[in-house]
Amino acid sequence: MASLNNKAPTYEEARIAEFLNEQIADLDGKVNVSFEFFPPKSPEMQKTLWKSIKKLEPLNPEFVSVTYGAAASTRSRTHDVITKIIRETGLTAVPHLTCIGSSESEIEAIAEDYWEKGVRHIVALRGDLGDDSKTGDFQYATDLIHKLKSLHDFEISVAAYPEVHPEAESAESDLQNLKRKVDAGASRAISQFFFSAEKYLRFRDRCDEEGIGIDLNPGILPVTNFPQLLKFAKFTQVDIPEWMFKVYEGLQDDPETSRLIASHIAIEQVKLLVKEGVEDFHFYTLNRADLTYAICHSLGKRCLPSVA
């Protein structure tokens, strides 16, 4: 089989690929996975979400997170999804919580309500400014982490950016901001999606050099809609490799082939990261389970039929 650059693989490249395949097969589910969902906007999208949650639940993820819109625009829907996950599944439900545009009393009320419902883990984010540009009582994610930790001993996850946050002055200032969040009480960072394993690994090395000793879960995004990805990437300043433009070329009206390519790219990405010792993966599901389920199956995270 030709490689993505249309050149036949060398013998050495073929041996490396075979080795990685064998390594994946030997994992036998020894990696940890988590899944991200977003609040549905319509009854039809709600059906798709819950079908996906039920499909992925038997894979026993470490947790499932639910996003929060800009300036808390989906607050009630996020809360409703989290509540239903707690009530109707055995999953660990982890809400995203942003602080921009919120008062201290609002954050306290939300946190206390989550704690009473059994939530012990929160993804703490500054959030994007809404159209009204109101900052509320919090300016940074660090402020939110301090507040949450002052209320209860929440486990805190935060965002990390292997290719630098779009608003950061520099890569160094972005790294120092992550360190401040860790010093405030964060115990895990979930990375922005990326397509260069090298950039993620270099970022991990820089975190180690700075003494940022927390889990750094790579964010994996299976790409089925390439034009939509380009919009995401422009907003987040994530680099899209030239080869991705080539492999998705002409597939705007061919979702089936796009899905096959998306699965292949994500599995290859995971294989490279596993080779470098990564054991925890966070999947951006976009509320659809099929590709994430297939990738997890290849990692040995499987729902095997029960023996009668």
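Is Arg87 buried or exposed? Arg87 is exposed, with a relative accessible area of 58%, where exposed means over 50%, buried under 20% and partly exposed in between (1.4 Å probe, protein chains only).

Before the exercises, a word on the model. It is a predicted one, in which local features need pLDDT of at least 70, side-chain atom pairs count only at pLDDT 80 or more, and totals for chains, interfaces and linings use all residues. Residues are numbered from 1 along each chain as its sequence is written, and side-chain values use heavy atoms, with hydrogens and water left out.

**Exercise 1. Find the salt-bridge partner of Arg87 and describe its exposure.**

Step 1: Apply the rule that a side-chain nitrogen of Lys or Arg lies within 4 Å of a carboxyl oxygen of Asp or Glu.
Step 2: Glu88 fits, since its closest N and O atoms with Arg87 are 3.8 Å apart.
Step 3: With a relative accessible area of 39%, Glu88 is partly exposed.

**Exercise 2. Work out which parts of the chain the Glu163 and Lys199 pair ties together.**

Step 1: The two side chains meet in a salt bridge at 3.5 Å, N to O.
Step 2: Glu163 sits in the loop between strand 5 (155-160) and helix 6 (171-184), while Lys199 belongs to helix 7, so the pair links parts 36 residues apart in sequence. Helices (H or I, at least four residues) and strands (E, at least two) are DSSP runs, numbered from the N terminus.
Step 3: Glu163 is buried at 18%, whereas Lys199 is partly exposed at 31%.

**Exercise 3. Check the length of helix 10 and place Ser263.**

Step 1: The expected span is 1.5 Å times one less than the number of residues.
Step 2: For the 21 residues of helix 10 this gives 30 Å, and the end C-alpha atoms are 30 Å apart, which agrees.
Step 3: Ser263 lies in this helix, residues 255-275, and counts as buried at 15% relative accessibility.
Step 4: Leaving aside residues up to four places away in sequence, Ser263 touches Leu291 and Ile295; contact means heavy atoms within 4.5 Å.

**Exercise 4. Describe the barrel and the pairing of strands 7 and 8.**

Step 1: The closed barrel has 8 strands in the order 1-2-3-4-5-6-7-8, with parallel pairing.
Step 2: Two strands pair if DSSP finds at least two bridges between them. Strand 7 (residues 215-220) and strand 8 (residues 280-284) are joined in the parallel sense over 2 bridges.
Step 3: Within this pair, Gly219 stands opposite His282 in strand 8.
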